[in-house]
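Visitor: I have a structure on my screen and would like to learn how to read it. Could you walk me through a few features?

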Amino acid sequence: MLRALTNARRLARPWKALRARSCASHGPAGPPEIQVRALAGADHRIAEILMNRPSACNALGNVLVNQLLEALAQLREDQQVRVLLFRSGVKGVFCAGADLKEREQMSEAEVGIFVQRLRGLMNEIAFPAPTIAAMDGFALGGGLELALACDLRVAGVALAKELIFTGRRLNGAQAQALGLVNHTVSQNEDGNAAYHRARELAQEILPQAPIAVRLGKVAIDRGMEVDIASGMAIEGICYAQNIPTQDRLEGMAAFREKRPPRFVGK
């Protein structure tokens, strides 16, 4: 999908809409709730997923979840993507969590199936490349879980979030103090200050060796789930996969020649 956009690098890529697969509990498909684009210029190899369901504050309903899963599946196959950003097209909102109004119309069996799909969505956000949530507004319930499933999070100072267990609301600075977000920024008039900081973070990641970054992510994510000995074994396996790559040799050559490396992802 993103490869088709690689010839127009000087201009920002257009948003590509994703239509949801058919869903028995819904009528005709409405406007796309998830859009995807690849960035250009200094942001080349950064992809963005835009949540745009203003009528429900980006609540996680069937259509949005279907389209988000489809977007992630397509992007997962594109080796050109080195950083993935999640952002909102609705000012003042990141994601309001599960669509409770929609859930009221579901049968008990449908609720169980939908909850399983939500869990699957959080697993799919464990993307091969680094992921960043640009939280320029409320992240409630499942919306907070979505942000926490990303590797990094940037929040506006005025951001209020409802914690899943306690229902307490925190602003961005408090969330950073608790380790829930990596950075806080003063919000701007357009309401997208966190998005711009997230792009800056993505730009810092882009020059790094993409294979090493992906393997480092695997080593950290998997190593945190096991004991130290097993974690070290996982790290060793990941490092062994990096040894024969062209990127490792290029990094060594660039260091020796005192020049910026030119990584190709192989």
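Visitor: Let me start with one side chain in the model. Which residues does Leu146 touch, not counting residues up to four places away in sequence?

Guide: Happy to help, and please keep in mind that this is a predicted model. A contact here means heavy atoms within 4.5 Å. By that test, and leaving out residues up to four places away in sequence, Leu146 touches Met51, Leu60, Leu68, Phe86, Phe94, Met122 and Ile125.

Visitor: Which residues touch the most other members of the largest nonpolar core?

Guide: Leu146 is one of them, along with Ile49, Leu68, Leu72, Phe86 and Phe94, in a core of 37 residues. At least two residues each come from E2, E3, helix H1 (62–76), strand E4 (83–88), strand E5 (92–95), helix H3 (108–124), strand E6 (131–135) and helix H4 (142–149). H1 gives the largest share, six residues. Another core, of 16 residues, lies apart from this one, and Ala134, Val154, Ala194 and Ala198 are among its members.

Visitor: Now a charged side chain: is Arg197 buried or exposed?

Guide: The cut-off for buried is under 20% relative accessible area. Arg197 has 19%, so it counts as buried. Arg197 sits in helix H6 (residues 193–205). Setting aside residues up to four places away in sequence, its contacts are Val154, His183, Val185 and Glu204.

Visitor: What should I look for in the backbone, say in the phi of Arg45?

Guide: Look at the sign, and check whether the residue is a glycine. Arg45 is not a glycine, yet its phi is positive, near 85°. You will find Arg45 in the loop between strand E2 (34–38) and strand E3 (46–51). Its relative accessibility is 23%, so Arg45 counts as partly exposed.

Visitor: And what is the phi of Lys258?

Guide: Lys258, also not a glycine, has a positive phi of about 55°. Lys258 lies in the segment after helix H9 (246–257). With 78% relative accessibility, Lys258 counts as exposed.

Visitor: Let me zoom out. How many helices and strands are there in the protein?

Guide: The protein has nine helices and 11 strands. Of its 266 residues, 45% count as buried. Among contacts with a separation of 6 or more, 63% join residues 24 or more positions apart. About 14,000 Å² of the protein is exposed, with carbon and sulfur atoms supplying 56% of that area.

Terms used. Residues are numbered from 1 along each chain as its sequence is written. This is a predicted model: local features need pLDDT of at least 70, side-chain atom pairs count only at pLDDT 80 or more; totals for chains, interfaces and linings use all residues. Side-chain values use heavy atoms; hydrogens and water are left out. Helices (H or I, at least four residues) and strands (E, at least two) are DSSP runs, numbered from the N terminus. Buried means under 20% relative accessible area, exposed over 50%, partly exposed in between (1.4 Å probe, protein chains only). A nonpolar core is a set of buried Ala, Val, Leu, Ile, Met, Phe, Trp, Tyr and Cys residues joined through side-chain atoms within 4.5 Å. Accessible areas come from the Shrake-Rupley method with a 1.4 Å probe; for residues, only the protein chains shown count as cover.
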